Amino acid sequence: MCALFRNRYRIGSKRYRGYDYSRPGKYFITICTKNKISHFGNEVNGKMILSDLGNYLQNEWLKTPDIRPDMNITLDEFVIMPDHFHAIIIIGKNRYNTINNLDNDRTAMHGGSTANSIQKNQYKNEFGPQSNNLASIIRGIKSIVSTYAKKTKQDFQWQSRFHDHIIRTNLELNRIRNYIIKNPQKWNRPRNMRMKS
């Protein structure tokens, strides 16, 4: 996640090797701006006041299910912070994912071997084609915001990667929802981080 670790911001990944990110599931994602520069607005008294770019990101995010109707997407809680974006996105059953791969994914998530079933089902892992899955959704939102920033002559860049977490239980879902909702109230930007001028 975009978090301070030893006084440096880093973005990690919890992607499961062999897990198909087109699978039906609930995903918690975080996308950060490059160098943690505040492009999306400011926090004032625990509430976000979005910039032009922040508003654009929000509007485009809300269009995601309409832009990709064949993926059966539902948007859950999300928040746009000055230099990052948290969201829960739910990918439902659709024509790009099949019930046969559910067992493969569960096995991979729990550290088991899926080699035989993967070969049998011609299963594509994270190194296969990256379309109609979580990564393609993130690529799409990053691309359209970057294009808008360029057209409006804003000096903006995203961090190259993103953080994702597979939500497995309702308890975890509620905990992450609560974290997202309270994020603006807990905003505490380190003084040495750069602000957009």
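Start by selecting glutamine 58: leaving aside residues up to four places away in sequence, it touches Leu50, Phe78 and Ile80. You are looking at a predicted model, so please read everything on this tour in that light. Glutamine 58 sits in helix α1, and with a relative accessibility of 26% it counts as partly exposed. Now add isoleucine 141 to the selection. Its C-alpha lies 10.0 Å from that of glutamine 58, although 83 residues separate the two in sequence.

**Stop 1: helix α1**

Widen the selection to residues 52-62, which make up helix α1. Which residues of this helix are buried? Colour Leu53, Gly54, Leu57, Glu60 and Trp61 to see them. Look down the axis next: these residues span an arc of only 130 degrees around it, which puts them on the same side of α1. A general point helps here: an α-helix has 3.6 residues a turn, so residues three or four places apart point the same way.

What covers that buried set? Show strands β3 (25-32), β5 (47-50), β6 (73-80) and β7 (84-91), which are among the elements that do so. Helices α2 (64-67) and α5 (134-151) also belong to the cover.

**Stop 2: strand β3 and its partners**

Keep β3 on screen and hide the rest for a moment. This strand is mostly covered, with seven of its eight residues buried. Bring back β7, and you can follow an antiparallel pairing with β3 over eight bridges. To find your place in it, pick glycine 25, which stands opposite isoleucine 91 of β7.

Then show strand β8 (residues 163-167), which also pairs with β3 in the antiparallel sense, here over five bridges. Phenylalanine 28 is a handy marker for this pairing: its bridge partner in β8 is histidine 165.

**Stop 3: histidine 86**

Go back to β7 and select histidine 86, which lies in that strand. Is this residue buried or exposed? Histidine 86 is buried, with a relative accessible area of 1%. Show side chains around it, and two polar contacts come into view. One, at 2.8 Å, runs from the side chain of histidine 86 to that of threonine 30. The other, at 3.2 Å, joins the side chains of histidine 86 and histidine 84.

**Stop 4: an asparagine ahead of α5**

Next, select asparagine 133 in the loop between α4 (115-121) and α5. Asparagine 133 has a relative accessibility of 5%, so it counts as buried. Where does its side chain reach? Display the backbone of alanine 135: its nitrogen lies 3.2 Å from a polar atom of the asparagine 133 side chain.

**Stop 5: two asparagines with positive phi**

Two more asparagines are worth a click for their backbone angles. Asparagine 35 is in the loop between β3 and β4 (41-44). Its phi is near 60 degrees, a positive value in a residue other than glycine. At 45% relative accessibility, asparagine 35 counts as partly exposed.

Move on to asparagine 45, in the loop between β4 and β5. Asparagine 45 has a positive phi too, of about 55 degrees, although it is not a glycine. This residue is exposed, with a relative accessible area of 75%.

**Stop 6: the aromatic cluster**

Now select Phe40, Phe156 and Trp158, which form one aromatic cluster. A pair of aromatic rings is described by the distance of the centres and the angle of the planes. How do the rings of phenylalanine 156 and tryptophan 158 meet? Their pair is edge-to-face, with 5.2 Å from centre to centre and 80 degrees between the planes. Phenylalanine 156 and tryptophan 158 are both buried. If you would like to hunt for others, the structure holds seven aromatic pairs.

**Last stop: the whole chain**

Clear the selection and zoom out. The chain contains six helices and eight strands. Trace it from the N terminus, and the elements follow one another as β-β-β-β-β-α-α-β-β-α-α-α-β-α. Of its 197 residues, 45% count as buried.

Switch on a surface if you like: the chain exposes about 11,400 Å², and carbon and sulfur atoms supply 47% of that area. Among contacts in the chain with a separation of 6 or more, 71% come from residues 24 or more positions apart.

Technical notes
Residues are numbered from 1 along each chain as its sequence is written. This is a predicted model: local features need pLDDT of at least 70, side-chain atom pairs count only at pLDDT 80 or more; totals for chains, interfaces and linings use all residues. Side-chain values use heavy atoms; hydrogens and water are left out. Buried means under 20% relative accessible area, exposed over 50%, partly exposed in between (1.4 Å probe, protein chains only). Helices (H or I, at least four residues) and strands (E, at least two) are DSSP runs, numbered from the N terminus. The arc is that of the directions from the helix axis to the C-beta atoms. Contact means heavy atoms within 4.5 Å. Two strands pair if DSSP finds at least two bridges between them. Rings of Phe, Tyr and Trp (its six-membered ring) pair if their centres lie within 6.5 Å; planes under 30 degrees apart count as stacked, over 60 as edge-to-face and the rest as tilted. Accessible areas come from the Shrake-Rupley method with a 1.4 Å probe; for residues, only the protein chains shown count as cover. A polar contact is a pair of N or O atoms within 3.5 Å; within protein, one must be able to donate a hydrogen and the other to accept it, and residues adjacent in sequence count only if both atoms are side-chain atoms.
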